[in-house]
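User: Hi! I'd like to understand the words people use for a structure like this one. Can I put it up and ask away?

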Amino acid sequence: MPWRALPGEMPDPYRVWLSEIMLQQTTVAAVKPYFDRFLALFPDVEALAAAPAGQVMSAWAGLGYYARARNLHACAKAVTALGGAFPRDLEGLRALPGIGEYTARAVGAIAFGLPVVPVDGNVERVTARLFAIDAPLPGARRTLAAKAATLNAAPEAQARASDFAQALFDLGATICTPRRPLCALCPWRPSCDGAATGAPERLPVRAPKAVKPERHGVHFLLRDRAGAIWLRTRPDRGLLGGMTELPGTPWTDAPWNVPGTTGNGQDALPFAPLAAQWRVVGTVRHVFTHFALTIIVVAADVQDFSALRDGFAADETGLARHALPSVMRKCIELDGRETGSRE
């Protein structure tokens, strides 16, 4: 993994912190290209702090959970204000924007050798199996965190806190896996209560997932005669805050009434941003953390954007420069003419 220090190297707190923020709610495979891109654009915390917010959001676009990008930028500014060095204690790390208990422990253990145990999903699973804790998640999280804090009690683990924390992550990711744990290879098998039950894969127990609410919206794909697309910026606060989007309706509980061919004008589509020959090009379904969204995408070609005020025109070949979240990229790609996708 590109953020790991090689044998004999000292961990770089900037790289450790950047990787931990990116890895929240995201897979290693998804993060790797973003991590490399960020380092190329922002090689150190001062460069990240000095970058325009739009450039940071654009570099993050597609990685999801966009509040992380805003907090990442704010944190870089806070660290730069401290002289460019991350605090070396948990209290100082927790005081930074976007850093909670887990991230403070991860950065503290990996970058600075603090003898603490960061508890991510992998460590949670290892702990549940080691102690055969069958209380369901998420209610059991406090119990699991307390038990996980004892995993590094041995002097050898405390003396090599950075190696121990990363080895614990790797144990969960490669051996103590969710469905088919490789117990025969596990160094903790002799003392694992979960393995002793004969069915460690059933742990941790998870409470049944609640059904996500369904929400609905309509977004408008407008092109002018030069092929530019009309976009706008979402408010800084809230879901996808500060990101770029196609203009659209609010996202509501009830579906919007959109006929397949709307005709010329706004009579058949009164919530459209202007009168045009609208056509439905398809639907996009996107699942967020707390709800599922279905978007109807309608498109139209216009001579120019002079009738529009809220937004800006973007050349389709340069869309990768804009902070388009993946749900909006899906909407644009429905029309089959978008050529500026990020590689």
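User: How much space lies in the largest pocket?

Analyst: About 1,600 Å³. A volume here is the space filled by probe spheres set on grid points, which are joined across faces, edges and corners. Before going on: this is a predicted model, where local features need pLDDT of at least 70 and side-chain atom pairs count only at pLDDT 80 or more, while totals for chains, interfaces and linings use all residues. Residues are numbered from 1 along each chain as its sequence is written, and side-chain values use heavy atoms, with hydrogens and water left out.

User: What makes a residue part of the lining of that pocket?

Analyst: On a 1 Å grid over the protein atoms alone, a pocket is an open set of points with protein on both sides within 12 Å along at least five of seven lines, and a lining residue has an atom within 4 Å of a point. For the largest pocket, 44 residues line the space, and the closest to its centre are Leu 23, Gln 25, Asp 120, Gly 121 and Asn 122.

User: Which helix gives the most to that lining?

Analyst: Helix 11, with 6 residues. A helix is a DSSP run of H or I with at least four residues, a strand is a run of E with at least two, and both are numbered from the N terminus. The protein chain has 13 helices and 7 strands.

User: How many residues of each class are in the lining of the largest pocket?

Analyst: There are 18 nonpolar, 14 polar and 12 charged ones. Ala, Val, Leu, Ile, Met, Phe, Trp, Tyr, Cys and Pro count as nonpolar, Asp, Glu, Lys and Arg as charged, and the others, Gly among them, as polar.

User: Why is Cys 186 called buried?

Analyst: Buried means under 20% relative accessible area, with exposed being over 50% and partly exposed in between (1.4 Å probe, protein chains only). Cys 186 comes in at 18%, so the residue counts as buried. Cys 75 has 0%, so that one is buried too. In the whole chain, 46% of the 343 residues count as buried.

User: Why doesn't Cys 186 form a disulfide?

Analyst: A disulfide is a pair of cysteine sulfur atoms within 2.5 Å. The closest cysteine sulfur to that of Cys 186 is in Cys 176, 6.3 Å away, so the gap is too far for a bond. The structure holds 0 disulfides.

Definitions and conventions
1 Å grid on protein atoms, 1.4 Å probe; cavity = no way out; pocket = protein on both sides within 12 Å on 5 of 7 lines; lining within 4 Å.
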